[in-house]
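The following exercises concern a predicted model. Each task is followed by a solution in steps.

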Amino acid sequence: MTKLQAKNIVKHFDHNGNSVVALDGVNLNVEEGDFICIVGPSGCGKSTFLNIVAGLETPDSGEILLNGKSISTPGPDRTMVFQEGALFPWLKVIDNVEFGLKMAGIPKDERRQISQRYLDMMQLTKFADSYTYQLSTGMKQRVAIARALAMDPEILLMDEPFAALDSQTRDLLLVELQLIWERTKKTIIFVTHNILESVILGNRVVVFKNRPSKIKKEIAIDYRRPRLMEDENLQKYYHQIVEELKNEVIAQIKDENQ
Amino acid sequence: MSEKITSEKKSQNLHDIANAALFLAVFVGIWQIVFMLGIWPTISMPSPAMVASSFAKIISNLSLPEGIVVTLGRLVAAFAVSIALGTLIGLAMIRFKGFGKTLNSFSAGLLSFPSIAWVPFSILLIGFNDFGIMFVVIMSSIFSVMISTYSSIRNIPPIYMDAAKNMGAKGFALFRYVTLPAATPSLIIGLRQAWSFAWHAVIGAEILMSVVGLGHILSVGRDFLDMGEVIASMITIFAIGLVVDRFLLYKLDDRIRRKWGLERHH
């Protein structure tokens, strides 16, 4: 069943009075329970696309359909994990995880139950009463994932959530995220500039191209899970995507030097 | 481990108090020496002991306690009005962008406007009474509250708002649970500044407009050539300013900084 459909999404930005094309007709279908990774050179509009799906930005034209219904505003059915976590420093970890549930008017006892469950899942139980500054970057991202999952969204949106992590922590979370995905059966759209990350996580890797920004290719990754960073068999997928992106990056550097 | 931190903190506090006491002792000592050198006549430069006896006098004839009560009463009432109105205008500046931008472009002039310059205006508009003084205090502190409300909210990192909206927060809940707490550390800095403007203003206005109050004691001291009384009043003003900031506003600020994990900047 199609969970999410992006139809011909176009978005322009105003840059010093010039109109810059951020997205030039993006079409994407995401099936229920799918794990989609979007990769592309920086500035290719992949994060803009995710923001549009989240309803945080509006497209100039085109449409996003969730379960067949058009959406244009942010909503707890599409929760986002941001690159820098975006946790609230004035709240304890547990209150961060419960924030969306509180906004949804869920009573306190029920909120506690739900948040405990996701804190357990992310191995954060001990830190429930900590403030966010007391956590490492990796733990903050765990809290952000727990917070997004606690809302039980239709789709989980992840915008380069591991970009700021050290490599050991990231490798660990790459495995954890696969296990969580298998356990929760969530539909996930994961944006990254890291190709190996996309190969490890995605059922399908969507390669964005630059100028005009649209989807260049979709590559299915049909391989057993959990996939590990050091698995040699992933190399062929990796090289396939590198090939796709190589020309893009060269074109972009030329562009920027002009 | 937390015990160790507490005892470390205690000894740090003791150390700070000892330093402050030493500083005061040196200050009073130098004062005494200058007095004994006899450069100025006693009427212009009384000794520490003479000021102490002036203190005793204005305390026992109740003019100092009464002055403190009256001054703080005016200040607190006027400051409350400043906070209420200033916050409302600040929020209106956020809500109506053009209005906010326009008013904000005057902020440098409004913030640096000397409080004393409101006194003649207030005398002619309202008169020599409590409300005249309160008007000066309000005008001197309200812009600080207003501009700090506006800029504190505008400077909230957009990612907090995005995250909150993404989790379904909107309308008043968004304001109450995200905008307000996110702006709080910066709002408190604005509040401390507004408080210091209000404190300047109330003393200045009382010197020129009042028949009771701490500022009035200063001007009586001047009129009767009573330097002891002037200095005693100045010391009181200094002490109140210190106590309010140190034990109220700073504490509040410090608590929030700790909670947010910002205290390591000190």
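**Exercise 1.** Determine which residue of β8(A) stands opposite A:Phe35, and place the two strands in their sheet.

*Solution.* Step 1: the residue opposite A:Phe35 is A:Ile188. Step 2: A:Phe35 falls in strand β3 (residues 35-39) of chain A, which is joined to β8 (residues 187-192) of chain A by five bridges. These two strands run parallel. Step 3: both belong to an open sheet of six strands in chain A, ordered β6-β7-β8-β3-β9-β10, with mixed pairing. Step 4: β6 and β10 (214-220) of chain A are the edge strands, each pairing on one side only. From one strand to the next, the twist averages 20°.

**Exercise 2.** Decide whether α2(A) is largely enclosed or not, and identify what covers its buried residues.

*Solution.* Step 1: a residue counts as buried if 20 or more other C-beta atoms lie within 10 Å of its own. Step 2: nine of the 11 residues of α2(A) are buried, so the helix is largely enclosed by the rest of the structure. Among them are A:Val93, A:Asn96, A:Glu98 and A:Phe99. Step 3: the cover includes β6, α3 (108-121) and α4 (137-150) of chain A, together with α9 (171-209) of chain B. Step 4: just after α2(A), A:Gly105 takes a positive phi of about 80°.

**Exercise 3.** Describe the side of chain A that touches chain B.

*Solution.* Step 1: the contact takes 21 residues from chain A and 14 residues from chain B. Step 2: on the side of chain A, β6 (78-81) and α2 (93-103) are the elements that give two or more residues. α2(A) gives the most, with three residues. Step 3: by class, this side has 16 nonpolar, four polar and one charged residues.

How values were computed:
Residues are numbered from 1 along each chain as its sequence is written. Chains are lettered from A and ligands numbered from 1 in the order in which they are written. This is a predicted model: local features need pLDDT of at least 70, side-chain atom pairs count only at pLDDT 80 or more; totals for chains, interfaces and linings use all residues. Two residues are in contact if their C-beta atoms, placed from the backbone, lie within 7 Å. Helices (H or I, at least four residues) and strands (E, at least two) are DSSP runs, numbered from the N terminus. Ala, Val, Leu, Ile, Met, Phe, Trp, Tyr, Cys and Pro count as nonpolar, Asp, Glu, Lys and Arg as charged, and the others, Gly among them, as polar. A residue is buried if 20 or more other C-beta atoms lie within 10 Å of its own, exposed if 12 or fewer, and partly exposed in between; C-beta atoms are placed from the backbone. Two strands pair if DSSP finds at least two bridges between them. Axes are lines fitted to C-alpha atoms, for helices over the stretch in contact, and angles run from 0 to 180 degrees between N-to-C directions.
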